[in-house]
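Welcome, and please open the model in your viewer. We will go from stop to stop, with a suggestion of what to select each time.

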Amino acid sequence: MVMSVQPQQLSAKKIPTKFVLLAMLFPLFMAFAYPGSYVSAFYNPHPRDMKVEVIETSPQASQISQEITAEADDATDVSTVPDVDTAKDDLRHLDTRAAYDPSTGDLYVASAGSRQATQAAQGIFESVAKQSGTSLNVKDIKTPSENDSTGTSFLYLIIGATIAGYMTATMLNTFGPRTRVHTRLAVQAFMAVAAGVDETAISYAVFGSFDAHIMPVALIITGTFFTASVVQMGLFDIIGQAASLIGLTIFVILGIPATGVAVSYDMMPGFFRVMNQLLPTGASSELMRRSLYFDGNGVGTPILVLAVWLLIGAGLLWMGSLRSRPVPPMGSGEDRRPPRTSDEPLLTAYTDDAPSPGDEPRTASQPAR
């Protein structure tokens, strides 16, 4: 006998229209967020409160400072320093972008801090020197390494570590949502170290982008990876799959433009200057720049920012553990609440009369226990 198959048995299950429309919100968000964020950060970069100095080696120093302030308006933040050594020290600490000596026409810069900002500062003082009838002599006291002529190669190390950390946490929570927290943390720590070794080998051994400070670079990559991973894992434990979009916004849509590397932070709009100071990507980039080219001067603030984000991630994990921790009813020696599922809301109501998962319903003939 040949069995017949009804046509309705072969038809695929129809997907509700509402589900399709809801699913399309994610690509629509990405289509808007990516260009909206990157273009607004990178479009028409120009100095905004860029710190420059005039060295008081000439009676005209104060007058020059006032003239620059009047002409540049809010483009520059001009101050005076007593001597060349102070100016150079400020450049090494990235406290200023350029320092002009009116008695000699020398302009001291540190292009390893940002070639873009250095060129902008040079343009400002070219007109100053021209007005005073002096030729401008640019003296670069901190240049990038030979194979990193633009001084931006480390940006890709930060991007790689951040995205890899985000993806590691996302994959662990997607494919192993019930894995214990300490196990996931162990995996993330191992992956962070592996990323540090891998990226350092690529940048030093393969391409030779840098030639010094290999251990600080490896540690920064490892710390950046682990911080992004812990924060993302904590978000997953609190809000579930929606954490994918939140993490993407923090680390990629806002985080990458806010690094202050592709466009210097003092040439970006005000919003991204704030993000540069607050987000972990900005802190990691600043930490990498100062470690590679400025002998670790001023690394305290970016380290503190990364530490705060790591604590935020740890706090989110702790809150997530509270959600899944069984709380026995008052007067009972056993837990009667079911374990939390990965997609369960943070606030879930339980009744004291709810049976525990292993309990069997009582019949009228069974005495109550």
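Two strands pair if DSSP finds at least two bridges between them. Keep that in mind at the sheet, and remember throughout that this is a predicted model.

**The whole chain**

Start with everything shown as a cartoon. The chain has 13 helices and five strands. Of its 369 residues, 41% count as buried. Switch on a surface, and about 20,400 Å² is exposed, with carbon and sulfur atoms supplying 62% of that area. If you draw the contacts between residues at least 6 apart in sequence, 70% of them join residues at least 24 apart.

**The sheet**

Now select the strands. In what order do the five strands sit in the sheet? The order is 2-1-3-4-5, in an open sheet with mixed pairing. Strand 2 and strand 5 (137-140) are the edge strands, each pairing on one side only. Look along the sheet for its twist, which averages 25° from one strand to the next.

**Strand 1 and its two partners**

Select residues 50-55, which make up strand 1. Five of these six residues are buried, so strand 1 is largely enclosed by the rest of the structure. On one side, strand 1 runs parallel to strand 2 (residues 76-81), joined to it by six bridges. Pick Ile55 to see one of them: its bridge partner in strand 2 is Val81. Strand 3 also runs parallel to strand 1, with three bridges between the two. Here you can pick Val52, whose bridge partner in strand 3 is Ala98.

**Strand 3 and the hairpin**

Stay on Ala98, which also stands opposite Val109 in strand 4. Strand 3 and strand 4 are antiparallel and share four bridges. They form a hairpin with four residues between them, and in the turn Gly105 has a positive phi of about 80°.

Next, show the side chains of strand 3. In a regular strand the side chains alternate between the two faces of the sheet. Ala98 and Tyr100 point one way, Ala99 and Asp101 point the other way, and all of them are buried.

**Helices against the sheet**

Add residues 115-131, which form helix 6. This helix lies across strand 1, strand 2, strand 3 (98-101), strand 4 (106-109) and strand 5, and runs at about 40° to strand 1.

Then move to Ser65, in helix 4 (residues 61-72). Is Ser65 buried or exposed? Its relative accessibility is 9%, and because buried means under 20%, Ser65 counts as buried. Leaving out residues up to four places away in sequence, Ser65 touches Val54, Val78 and Thr80.

**A loop worth a click**

Select Pro47, in the loop between helix 3 (25-42) and strand 1. Pro47 has 17% relative accessibility and so counts as buried. Which residues surround it, apart from neighbours within four places in sequence? Pro47 is in contact with Ala75, Ala120, Asp266 and Met267. Try a distance label from Pro47 to Asp77 as well: they are 30 residues apart in sequence and 9.8 Å apart in space, C-alpha to C-alpha.

**Last stop: a helix pair**

Finish with helix 8 (residues 181-206) and helix 9 (residues 214-239), which pack at an angle of about 145° with their axes 8 Å apart. Their crossing is right-handed. Colour the contact between them by residue class, and you will find 16 nonpolar, five polar and three charged residues.

Note on methods. Residues numbered from 1 in each chain as written. Heavy atoms only, no water. Axes fitted to C-alpha atoms, helices over the stretch in contact; angles between N-to-C directions. Left-handed = near helix turned anticlockwise from the far one by under 90°. Nonpolar A, V, L, I, M, F, W, Y, C, P; charged D, E, K, R; others polar. Buried < 20%, exposed > 50% of the residue type's maximum accessible area, 1.4 Å probe, protein only. Contact = heavy atoms within 4.5 Å. Areas by Shrake-Rupley, 256 points an atom, 1.4 Å probe, with all protein chains shown as cover.
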